[in-house]
Amino acid sequence: MDLLTHALASYTLKRAAFPRVPRPVTLAILLAGTLADLDLLSAYISPSAFLTWYRTYTHSLLAAFLLAPLVTLPFFLRNRRSPEKQISLFAISLPALAATLLHLLMDTCQSAGLELFWPFSARRFALDWIAHLDLWIIAILLAGILLPMLSGLVTEEIGAKSKGPRGRIGASLALATLLLYAVARFTFHGSAVATLESQKYRGERPRRVAAFPESGSPFRWHGIIETDSALHDIEVSVGPAAGFDAESAVATYKPESSPALDAARNSAVARRFLSSARFPKASVEKTLEGFHVLLRDFPFTREATSGPHVQAIIDTDPSGKILSQKLTWDPFSRMLY
(Lines give C-alpha, C1' and ligand atoms only; values in the text may rest on other atoms or scores of the structure.)
Protein backbone atom coordinates (compact mmCIF):
# COMPACT_ATOMS: atom_id res chain seq x y z
CA MET A 1 0.00 0.00 0.00
CA ASP A 2 1.04 3.64 -0.17
CA LEU A 3 3.31 5.17 2.46
CA LEU A 4 0.57 7.38 3.98
CA THR A 5 -1.72 4.40 4.61
CA HIS A 6 1.05 2.42 6.29
CA ALA A 7 1.98 5.38 8.50
CA LEU A 8 -1.64 5.89 9.55
CA ALA A 9 -2.09 2.16 10.21
CA SER A 10 1.08 2.02 12.33
CA TYR A 11 0.00 5.01 14.39
CA THR A 12 -3.49 3.53 14.83
CA LEU A 13 -1.92 0.26 15.98
CA LYS A 14 0.22 2.16 18.47
CA ARG A 15 -2.79 3.97 19.97
CA ALA A 16 -4.86 0.79 20.16
CA ALA A 17 -2.32 -1.76 21.44
CA PHE A 18 0.58 0.27 22.89
CA PRO A 19 -0.95 3.56 24.08
CA ARG A 20 1.50 4.22 26.94
CA VAL A 21 4.84 3.79 25.16
CA PRO A 22 7.17 6.82 25.19
CA ARG A 23 7.39 9.12 22.19
CA PRO A 24 10.69 7.67 20.93
CA VAL A 25 9.05 4.24 20.78
CA THR A 26 6.16 5.79 18.84
CA LEU A 27 8.72 7.06 16.33
CA ALA A 28 10.23 3.56 16.15
CA ILE A 29 6.77 2.09 15.48
CA LEU A 30 6.20 4.53 12.62
CA LEU A 31 9.62 3.75 11.14
CA ALA A 32 9.13 0.01 11.45
CA GLY A 33 5.69 0.25 9.86
CA THR A 34 6.93 2.10 6.79
CA LEU A 35 10.59 1.11 6.35
CA ALA A 36 9.85 -1.87 4.10
CA ASP A 37 8.73 0.53 1.36
CA LEU A 38 12.29 1.73 0.91
CA ASP A 39 12.43 -0.91 -1.82
CA LEU A 40 10.44 1.48 -4.02
CA LEU A 41 13.61 3.59 -4.34
CA SER A 42 14.96 0.85 -6.60
CA ALA A 43 12.70 2.30 -9.33
CA TYR A 44 15.14 5.22 -9.51
CA ILE A 45 18.06 2.90 -10.19
CA SER A 46 16.98 0.64 -13.05
CA PRO A 47 14.24 -1.77 -14.17
CA SER A 48 16.50 -4.67 -13.23
CA ALA A 49 17.00 -3.33 -9.70
CA PHE A 50 13.25 -2.77 -9.41
CA LEU A 51 12.47 -6.40 -10.25
CA THR A 52 15.14 -7.55 -7.80
CA TRP A 53 14.12 -5.42 -4.83
CA TYR A 54 10.46 -4.42 -5.12
CA ARG A 55 8.26 -6.45 -2.74
CA THR A 56 11.03 -9.00 -2.16
CA TYR A 57 13.73 -8.77 0.49
CA THR A 58 12.34 -5.99 2.70
CA HIS A 59 8.82 -7.43 2.43
CA SER A 60 9.75 -10.83 3.84
CA LEU A 61 9.06 -12.27 7.28
CA LEU A 62 12.79 -12.63 7.87
CA ALA A 63 13.30 -8.91 7.24
CA ALA A 64 10.42 -8.10 9.61
CA PHE A 65 12.09 -9.92 12.49
CA LEU A 66 15.44 -8.28 11.69
CA LEU A 67 14.18 -4.73 11.14
CA ALA A 68 12.12 -4.48 14.31
CA PRO A 69 15.05 -4.78 16.79
CA LEU A 70 17.30 -2.80 14.44
CA VAL A 71 14.91 0.17 14.39
CA THR A 72 14.49 0.13 18.17
CA LEU A 73 18.17 -0.42 19.02
CA PRO A 74 19.10 3.32 19.12
CA PHE A 75 16.29 3.99 21.60
CA PHE A 76 17.33 1.01 23.73
CA LEU A 77 20.94 2.22 23.86
CA ARG A 78 19.78 5.70 24.81
CA ASN A 79 17.41 4.21 27.37
CA ARG A 80 20.26 2.40 29.15
CA ARG A 81 21.73 5.79 30.13
CA SER A 82 18.66 6.47 32.29
CA PRO A 83 18.40 3.58 34.81
CA GLU A 84 15.25 5.01 36.36
CA LYS A 85 13.41 4.79 33.03
CA GLN A 86 14.81 1.53 31.68
CA ILE A 87 12.61 -0.63 29.43
CA SER A 88 13.62 -4.05 28.18
CA LEU A 89 14.62 -4.49 24.54
CA PHE A 90 11.70 -6.91 24.13
CA ALA A 91 9.20 -4.31 25.36
CA ILE A 92 10.60 -1.82 22.88
CA SER A 93 10.89 -4.23 19.93
CA LEU A 94 7.46 -5.85 20.27
CA PRO A 95 5.48 -2.76 19.14
CA ALA A 96 7.87 -2.24 16.22
CA LEU A 97 7.55 -5.90 15.19
CA ALA A 98 3.76 -5.64 15.34
CA ALA A 99 3.84 -2.61 13.03
CA THR A 100 6.15 -4.40 10.59
CA LEU A 101 3.92 -7.48 10.47
CA LEU A 102 0.86 -5.27 9.97
CA HIS A 103 2.63 -3.73 6.98
CA LEU A 104 3.20 -7.18 5.44
CA LEU A 105 -0.38 -8.25 6.15
CA MET A 106 -1.84 -5.19 4.43
CA ASP A 107 0.44 -5.57 1.40
CA THR A 108 -0.40 -9.27 1.09
CA CYS A 109 -4.04 -8.25 0.59
CA GLN A 110 -3.00 -6.41 -2.60
CA SER A 111 -2.12 -7.60 -6.10
CA ALA A 112 1.61 -6.93 -6.51
CA GLY A 113 2.66 -9.98 -4.50
CA LEU A 114 5.23 -10.40 -1.72
CA GLU A 115 8.07 -12.89 -1.36
CA LEU A 116 7.12 -13.53 2.26
CA PHE A 117 9.42 -16.52 2.72
CA TRP A 118 12.54 -15.06 1.08
CA PRO A 119 15.27 -16.36 0.95
CA PHE A 120 13.80 -19.86 1.31
CA SER A 121 11.18 -19.46 -1.41
CA ALA A 122 10.64 -17.08 -4.34
CA ARG A 123 6.89 -17.66 -4.36
CA ARG A 124 4.84 -14.46 -4.29
CA PHE A 125 1.67 -14.12 -2.23
CA ALA A 126 -1.13 -11.81 -3.37
CA LEU A 127 -4.77 -11.99 -2.25
CA ASP A 128 -6.08 -9.31 -4.67
CA TRP A 129 -8.55 -7.90 -2.13
CA ILE A 130 -7.42 -4.29 -1.67
CA ALA A 131 -6.21 -1.62 -4.10
CA HIS A 132 -2.77 -0.05 -3.81
CA LEU A 133 -4.39 3.23 -2.75
CA ASP A 134 -7.68 2.51 -1.01
CA LEU A 135 -9.59 5.67 -0.14
CA TRP A 136 -11.92 3.79 2.21
CA ILE A 137 -9.03 2.53 4.33
CA ILE A 138 -7.52 6.00 4.57
CA ALA A 139 -10.91 7.40 5.64
CA ILE A 140 -11.32 4.72 8.33
CA LEU A 141 -7.84 5.31 9.74
CA LEU A 142 -8.20 9.09 9.74
CA ALA A 143 -11.55 8.81 11.49
CA GLY A 144 -10.05 6.55 14.15
CA ILE A 145 -7.28 9.08 14.82
CA LEU A 146 -8.96 12.47 14.41
CA LEU A 147 -12.41 11.92 15.89
CA PRO A 148 -11.08 10.93 19.35
CA MET A 149 -8.81 14.00 19.23
CA LEU A 150 -11.79 16.25 18.59
CA SER A 151 -13.75 14.46 21.29
CA GLY A 152 -10.86 14.96 23.71
CA LEU A 153 -10.77 18.69 23.01
CA VAL A 154 -14.48 18.95 23.77
CA THR A 155 -14.04 16.92 26.97
CA GLU A 156 -11.24 19.20 28.16
CA GLU A 157 -13.29 22.27 27.31
CA ILE A 158 -16.13 21.20 29.60
CA GLY A 159 -13.71 20.13 32.33
CA ALA A 160 -14.44 16.38 32.27
CA LYS A 161 -11.68 13.88 32.87
CA SER A 162 -11.00 11.17 30.30
CA LYS A 163 -10.68 7.57 31.42
CA GLY A 164 -7.74 5.57 30.11
CA PRO A 165 -5.30 6.54 27.34
CA ARG A 166 -6.74 9.06 24.92
CA GLY A 167 -7.65 7.68 21.52
CA ARG A 168 -7.39 4.00 22.42
CA ILE A 169 -11.08 3.25 21.89
CA GLY A 170 -11.21 5.12 18.58
CA ALA A 171 -8.08 3.38 17.30
CA SER A 172 -9.41 -0.02 18.36
CA LEU A 173 -12.69 0.65 16.57
CA ALA A 174 -10.77 1.72 13.46
CA LEU A 175 -8.77 -1.53 13.42
CA ALA A 176 -11.96 -3.56 13.96
CA THR A 177 -13.61 -1.70 11.07
CA LEU A 178 -10.58 -2.42 8.88
CA LEU A 179 -10.95 -6.11 9.67
CA LEU A 180 -14.63 -6.05 8.71
CA TYR A 181 -13.76 -4.15 5.53
CA ALA A 182 -11.16 -6.78 4.60
CA VAL A 183 -13.73 -9.54 5.18
CA ALA A 184 -16.20 -7.70 2.92
CA ARG A 185 -13.52 -7.31 0.24
CA PHE A 186 -12.73 -11.02 0.52
CA THR A 187 -16.41 -11.87 0.00
CA PHE A 188 -16.83 -9.53 -2.97
CA HIS A 189 -13.59 -10.80 -4.52
CA GLY A 190 -14.81 -14.38 -4.35
CA SER A 191 -18.07 -13.34 -6.00
CA ALA A 192 -16.23 -11.53 -8.80
CA VAL A 193 -13.94 -14.51 -9.46
CA ALA A 194 -16.92 -16.90 -9.53
CA THR A 195 -18.67 -14.64 -12.05
CA LEU A 196 -15.61 -14.58 -14.32
CA GLU A 197 -15.17 -18.37 -14.15
CA SER A 198 -18.80 -19.09 -15.02
CA GLN A 199 -18.71 -17.59 -18.54
CA LYS A 200 -17.29 -18.32 -21.98
CA TYR A 201 -15.25 -15.71 -23.82
CA ARG A 202 -15.30 -15.73 -27.62
CA GLY A 203 -16.45 -19.34 -27.32
CA GLU A 204 -13.57 -20.42 -25.06
CA ARG A 205 -13.61 -21.50 -21.43
CA PRO A 206 -11.26 -19.67 -19.02
CA ARG A 207 -7.92 -21.27 -18.24
CA ARG A 208 -7.19 -18.74 -15.52
CA VAL A 209 -9.03 -15.73 -14.11
CA ALA A 210 -8.33 -12.96 -11.63
CA ALA A 211 -10.34 -10.10 -10.17
CA PHE A 212 -8.35 -7.04 -9.14
CA PRO A 213 -9.67 -4.32 -6.80
CA GLU A 214 -10.58 -0.81 -7.84
CA SER A 215 -9.85 1.99 -5.39
CA GLY A 216 -13.15 3.85 -5.50
CA SER A 217 -15.62 1.08 -4.71
CA PRO A 218 -15.50 -2.43 -3.20
CA PHE A 219 -18.35 -3.39 -5.56
CA ARG A 220 -16.31 -2.76 -8.74
CA TRP A 221 -13.51 -5.07 -9.87
CA HIS A 222 -11.20 -5.34 -12.86
CA GLY A 223 -11.31 -8.82 -14.34
CA ILE A 224 -8.68 -10.54 -16.46
CA ILE A 225 -9.38 -13.88 -18.10
CA GLU A 226 -6.86 -16.05 -19.90
CA THR A 227 -8.16 -18.47 -22.52
CA ASP A 228 -6.23 -20.65 -24.97
CA SER A 229 -6.01 -17.91 -27.59
CA ALA A 230 -6.33 -14.58 -25.78
CA LEU A 231 -6.32 -12.44 -22.66
CA HIS A 232 -9.63 -10.71 -21.92
CA ASP A 233 -10.11 -7.48 -20.00
CA ILE A 234 -13.49 -6.65 -18.43
CA GLU A 235 -15.15 -4.70 -15.62
CA VAL A 236 -16.98 -6.79 -12.99
CA SER A 237 -19.64 -5.47 -10.63
CA VAL A 238 -20.82 -7.42 -7.61
CA GLY A 239 -23.92 -7.02 -5.50
CA PRO A 240 -27.63 -7.96 -5.62
CA ALA A 241 -28.43 -5.93 -8.76
CA ALA A 242 -25.10 -6.39 -10.55
CA GLY A 243 -25.12 -7.57 -14.15
CA PHE A 244 -22.36 -9.09 -16.24
CA ASP A 245 -21.94 -9.27 -20.03
CA ALA A 246 -19.07 -11.51 -21.09
CA GLU A 247 -19.37 -10.21 -24.65
CA SER A 248 -18.15 -6.79 -23.51
CA ALA A 249 -14.72 -8.18 -22.66
CA VAL A 250 -11.87 -6.69 -24.68
CA ALA A 251 -9.74 -9.47 -26.18
CA THR A 252 -6.00 -9.26 -26.77
CA TYR A 253 -4.94 -12.27 -28.82
CA LYS A 254 -1.76 -14.21 -28.17
CA PRO A 255 0.82 -14.52 -30.96
CA GLU A 256 1.30 -17.88 -32.65
CA SER A 257 4.20 -20.00 -31.48
CA SER A 258 7.43 -19.49 -33.44
CA PRO A 259 11.16 -20.14 -33.02
CA ALA A 260 11.73 -16.45 -32.28
CA LEU A 261 9.04 -16.35 -29.59
CA ASP A 262 10.20 -19.59 -28.01
CA ALA A 263 13.79 -18.35 -27.93
CA ALA A 264 12.74 -15.02 -26.47
CA ARG A 265 10.74 -16.67 -23.69
CA ASN A 266 13.74 -18.80 -22.76
CA SER A 267 16.16 -15.87 -22.60
CA ALA A 268 17.65 -14.81 -19.27
CA VAL A 269 15.85 -11.46 -19.35
CA ALA A 270 12.49 -13.09 -20.08
CA ARG A 271 12.87 -15.66 -17.31
CA ARG A 272 13.60 -12.88 -14.86
CA PHE A 273 10.60 -10.88 -16.07
CA LEU A 274 8.24 -13.85 -16.06
CA SER A 275 9.12 -14.72 -12.45
CA SER A 276 7.10 -11.70 -11.26
CA ALA A 277 4.55 -11.18 -14.08
CA ARG A 278 0.97 -12.13 -13.28
CA PHE A 279 -0.46 -12.21 -16.82
CA PRO A 280 2.45 -11.94 -19.28
CA LYS A 281 1.55 -10.91 -22.83
CA ALA A 282 3.92 -11.26 -25.79
CA SER A 283 3.89 -9.35 -29.06
CA VAL A 284 6.10 -10.24 -32.02
CA GLU A 285 7.10 -7.80 -34.76
CA LYS A 286 9.10 -8.65 -37.87
CA THR A 287 12.16 -6.47 -38.47
CA LEU A 288 14.94 -6.27 -41.07
CA GLU A 289 17.25 -8.27 -38.77
CA GLY A 290 14.66 -10.84 -37.70
CA PHE A 291 12.05 -10.38 -34.95
CA HIS A 292 11.37 -7.90 -32.16
CA VAL A 293 9.66 -9.54 -29.15
CA LEU A 294 8.05 -7.47 -26.42
CA LEU A 295 6.91 -9.05 -23.14
CA ARG A 296 4.60 -7.02 -20.93
CA ASP A 297 2.57 -7.80 -17.84
CA PHE A 298 -1.09 -7.47 -18.78
CA PRO A 299 -2.34 -4.45 -16.78
CA PHE A 300 -4.09 -5.73 -13.68
CA THR A 301 -4.62 -2.17 -12.45
CA ARG A 302 -5.31 1.15 -14.08
CA GLU A 303 -4.02 3.15 -11.14
CA ALA A 304 -0.98 5.34 -11.69
CA THR A 305 -0.27 5.04 -7.96
CA SER A 306 0.51 1.33 -8.30
CA GLY A 307 4.00 2.22 -9.53
CA PRO A 308 6.01 1.74 -12.71
CA HIS A 309 5.87 -1.48 -14.73
CA VAL A 310 8.78 -3.32 -16.30
CA GLN A 311 8.81 -4.89 -19.75
CA ALA A 312 11.29 -7.19 -21.51
CA ILE A 313 12.55 -6.57 -25.05
CA ILE A 314 14.29 -9.33 -26.98
CA ASP A 315 15.54 -9.14 -30.57
CA THR A 316 16.31 -12.30 -32.54
CA ASP A 317 17.47 -13.24 -36.03
CA PRO A 318 15.09 -15.17 -38.36
CA SER A 319 16.22 -18.51 -36.90
CA GLY A 320 15.53 -17.45 -33.30
CA LYS A 321 19.08 -16.65 -32.21
CA ILE A 322 19.13 -13.93 -29.55
CA LEU A 323 20.68 -10.71 -30.81
CA SER A 324 19.91 -8.47 -27.85
CA GLN A 325 17.84 -8.51 -24.68
CA LYS A 326 17.05 -5.92 -22.03
CA LEU A 327 14.60 -4.86 -19.34
CA THR A 328 13.02 -1.44 -19.78
CA TRP A 329 10.21 0.60 -18.27
CA ASP A 330 6.75 0.42 -19.72
CA PRO A 331 6.63 3.98 -21.17
CA PHE A 332 2.97 4.59 -20.27
CA SER A 333 3.18 3.47 -16.63
CA ARG A 334 6.51 5.27 -16.17
CA MET A 335 4.98 8.50 -17.48
CA LEU A 336 2.07 8.22 -15.03
CA TYR A 337 4.32 7.32 -12.13
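**Surface patch, core, salt bridges and backbone oddities**

Leu-61, Phe-65, Leu-101, Phe-117 and Phe-120 make a nonpolar surface patch of about 520 Å². Patches here are built from residues with over 30% relative accessible area and no salt bridge, with nonpolar side chains (Val, Leu, Ile, Met, Phe, Trp, Tyr) joined within 5 Å and like charges joined within 9 Å; the areas themselves come from the Shrake-Rupley method with a 1.4 Å probe, and for residues only the protein chains shown count as cover. This is a predicted model, and local features need pLDDT of at least 70, side-chain atom pairs count only at pLDDT 80 or more, and totals for chains, interfaces and linings use all residues. Residues are numbered from 1 along each chain as its sequence is written, and side-chain values use heavy atoms, with hydrogens and water left out.

One member of the patch, Phe-117, sits in the loop between H5 and H6; helices (H or I, at least four residues) and strands (E, at least two) are DSSP runs, numbered from the N terminus. Phe-117 has 42% relative accessibility and counts as partly exposed, where buried means under 20% relative accessible area, exposed over 50%, and partly exposed in between (1.4 Å probe, protein chains only). That loop also holds Pro-119, which is joined to Trp-118 by a cis peptide bond with omega of about 5°. Asp-128 is found in the loop between H5 and H6 too, and its phi is near 65°, a positive value in a residue other than glycine. Arg-202 likewise has a positive phi, of about 55°, although it is not a glycine. Its place is in the loop between H7 and strand S1 (208–213), and at a relative accessible area of 40% Arg-202 is partly exposed. As background, most residues other than glycine have a negative phi, and most peptide bonds are trans.

Turning to the interior, the largest nonpolar core has 24 residues, of which Val-25, Met-106, Ile-130, Ile-137 and Leu-141 touch the most other members. Such a core is a set of buried Ala, Val, Leu, Ile, Met, Phe, Trp, Tyr and Cys residues joined through side-chain atoms within 4.5 Å. H1, helix H2 (23–34), H5, H6 and H7 are the elements that give two or more residues to this core, and H6 supplies the largest share, five residues.

Two of these helices can be checked for length, the expected span being 1.5 Å times one less than the number of residues. Helix H1 (residues 3–17) has 15 residues and reaches 21 Å from its first C-alpha to its last, close to the 21 Å expected. H2, with 12 residues, should span 16 Å, and its end C-alpha atoms are 17 Å apart, which agrees. The buried residues of H1 include Leu-8, Ala-9 and Leu-13, but also Lys-14 and Arg-15. In H2, the buried set includes Val-25, Ile-29 and Gly-33. At the N-terminal end of H1, Asp-2 acts as a cap, with a side-chain oxygen 3.3 Å from the backbone nitrogen of Leu-4.

The structure also holds seven salt bridges, each a side-chain nitrogen of Lys or Arg within 4 Å of a carboxyl oxygen of Asp or Glu. Asp-128 turns up again here, paired with Arg-278 at 2.9 Å, N to O. Arg-278 lies in the loop between helix H9 (268–274) and strand S5 (280–286) and Asp-128 in the loop between helix H5 (89–108) and helix H6 (135–158), so the pair ties together parts that are 150 residues apart in sequence. Asp-128 is buried, with a relative accessible area of 6%.

Asp-134 bridges to Arg-185, their closest N and O atoms being 3.2 Å apart. This pair links the loop between H5 and H6, home of Asp-134, to helix H7 (residues 168–197), home of Arg-185, across 51 residues. Asp-134 is buried at 0% relative accessibility, and Arg-185 is buried at 0% as well.

In a further bridge, Arg-296 and Asp-330 meet at 2.6 Å, N to O. Arg-296 belongs to strand S6 (residues 291–297), while Asp-330 is in the loop between strand S8 (322–329) and helix H10 (331–336), 34 residues apart. Arg-296 is partly exposed at 36% relative accessible area, whereas Asp-330 is buried at 9%. Elsewhere, salt bridges that share partners join Arg-208, Glu-226 and Lys-254 into one network.

Terms used: Polar contact = N/O pair within 3.5 Å; in protein donor to acceptor, adjacent residues only side chain to side chain.
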